[in-house]
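Colleague: Could you take me closely through the charged pairs in this model, saying where the partners sit along the chain and how far they are covered?

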Amino acid sequence: MIILVAAICRIPAMAQNGNPLQFLSEVSQSSQSNPAFHNKTEKLVIGLPLLSGALINWNANFSSDYLFTENFDYDFDHFYTSLGEPGNAKANATLPLVYLSHRIDKRTLSFSLSERVLLWGNFDHEFLKFIDQGLLPYYGKEEEFGPISFKTQLYRELAFTYAKQITKKLSIGIRPKVMFGRFFYDIENLNVMVHTDEDRKVLQVIPNGDYRISGPIDVQYDPLKGKTTIKTDFTAGDYFFKFKNMGAGIDLGFTYQPNKQTTLAVSIADIGFTTINDKAFNNTFVGSIDYTRLYQSSDTAAAYYFEPRAALEALTDSLPYKTIAEAFTQRQYELLPVKLNLMATHHLNDKMKLNFSDNLTYYNGEVSNYLAAYFNVLLGTRFELSSGLNLYNLGQVMPGFACSYTARGVQLYLATNNIPRLVQPSKAKNLNLRFGVNLLFSTQPN
């Protein structure tokens, strides 16, 4: 089980909050920020699987070019120098499988099925130097690195949306959801000590901490051999729906028009939880990994060189053998990232409007916030464009845009809150990208 590689290297492989898609009234997926939003069209909207509503969201204090050079060669020393502080990252992604939406008079009904993943992590950046240098420079020394924390959840979400216009001014919406947990991993405050045993002439790497894991795996501890083995245990139920790891959630929202030009909207999303019960294990680190053959990873031309990535993988592959595993005795619950969305829209005329929003997210004890101001214009009858500025955590200003093209039977849309990083994704510390293709089918008789 490659624990530290996941914590250090895999977070950037992915990239919700503050996405300007919510300002595109022509796109039915804008209702995913507020279930009270109605379809503009009375046609049946069918999202293209794997594309319609796909989301990538990435917020961190580092970007992928900290680790990779222009030739895509990794360099942990460059990562260490560029970062200069503890690393942290939050990310989520959505892969849509099914999306249906239809408006009937004053009601809008929607159904969606999607794969969702949540990632959160932070780490002591001094550990990057340890990876870059290798073990040889630490012989005869006592060092401690940490803490390192990493959490990920992968689950399938089944959601039903019902929006109803109560009066001419007020609409309400509700989206109950069922979650099926597929994979969970949580390591909190892992510390790694490097200790030299002069009597035995060995360098000891001593992990201290524990982690929880649940997924299509079988974890067994052999007390006689003193080691833990992790094997794949995949069944058809793991692929479709995992009823033994079910969770629930709900989204609520409303819109109100104090006058013909202005609309106010409030929503709260992902009030809910996932559960961890089936094929779930708690693993505690014990003992040490002893090295008699030391290596260095900083100089390819010098003796005892061992590639940093290979050395890290060898270290992490050894870690499961230094744990005691116990199956969960009772179900555990994990809260979803709760999102509060406040929005105001003012129509200047039939073609132009101003939008303002504040998106607040709370997850794993941390709060993140997006303030946004956007200007929308409808070009002709098919093309809608929105552009403006986002302020992330009152510190970073990012220009964003969203656009949609709606023809008779198809709709295309794209939205991002950081235009420069869409062009240069390798430099992105903050990026929210959403795109999709909808098919439109008339339900009215010819």
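Modeller: Glu-157 and Lys-177 are both buried, and in this predicted model they form a salt bridge whose closest N and O atoms are 3.6 Å apart. The pair links distant parts of the chain, with Glu-157 in strand β5 (residues 143-165) and Lys-177 in strand β6, 20 residues apart. Neither partner stands alone, since Glu-157 and Lys-177 belong to a network of salt bridges that also links Arg-116, Arg-175, Asp-251, Asp-270 and Lys-339.

Strand β6, which spans residues 170-197, also supplies Asp-186 to a salt bridge with Arg-212, where the closest N and O atoms are 2.6 Å apart. Arg-212 lies in strand β8 (residues 210-214) and Asp-186 in strand β6, so this pair ties together parts that are 26 residues apart in sequence. Arg-212 and Asp-186 are both buried.

The structure holds 16 salt bridges, and another of them joins Asp-65 to Lys-427, with the closest N and O atoms 3.3 Å apart. Because Asp-65 lies in the loop between β2 (54-60) and α2 (76-83), while Lys-427 lies in the loop between α6 (419-423) and β23 (430-441), the pair ties together parts that are 362 residues apart in sequence. As for cover, Asp-65 has 19% relative accessibility and therefore counts as buried, whereas Lys-427, with a relative accessible area of 38%, is partly exposed. In general terms, side chains of opposite charge can pair when their charged atoms come close.

Two polar contacts between side chains can be set beside these pairs. Glu-115, in strand β4 (residues 107-123), is joined to Arg-182 through a polar contact of 3.2 Å between their side chains. At 11% relative accessibility Glu-115 counts as buried, and the residues that Glu-115 touches include Leu-95, Leu-97, Leu-154 and Tyr-155. Arg-200, placed in the loop between β6 and β7 (202-208), makes a polar contact of 2.9 Å with Asp-290, side chain to side chain. Here the arginine has 45% relative accessibility, so Arg-200 counts as partly exposed.

Returning to strand β6, one of its residues is Ile-174, which at 33% relative accessibility counts as partly exposed. Ile-174 helps to make a nonpolar surface patch of about 440 Å², together with Ile-104, Leu-109, Tyr-162, Leu-252 and Ile-271.

Definitions and conventions:
Residues are numbered from 1 along each chain as its sequence is written. This is a predicted model: local features need pLDDT of at least 70, side-chain atom pairs count only at pLDDT 80 or more; totals for chains, interfaces and linings use all residues. Side-chain values use heavy atoms; hydrogens and water are left out. Helices (H or I, at least four residues) and strands (E, at least two) are DSSP runs, numbered from the N terminus. Buried means under 20% relative accessible area, exposed over 50%, partly exposed in between (1.4 Å probe, protein chains only). A polar contact is a pair of N or O atoms within 3.5 Å; within protein, one must be able to donate a hydrogen and the other to accept it, and residues adjacent in sequence count only if both atoms are side-chain atoms. Contact means heavy atoms within 4.5 Å. Patches are made of residues with over 30% relative accessible area and no salt bridge: like charges are joined within 9 Å, nonpolar side chains (Val, Leu, Ile, Met, Phe, Trp, Tyr) within 5 Å. Accessible areas come from the Shrake-Rupley method with a 1.4 Å probe; for residues, only the protein chains shown count as cover. A salt bridge is a side-chain nitrogen of Lys or Arg within 4 Å of a carboxyl oxygen of Asp or Glu. Lists of a residue's contacts leave out its neighbours within four places in sequence.
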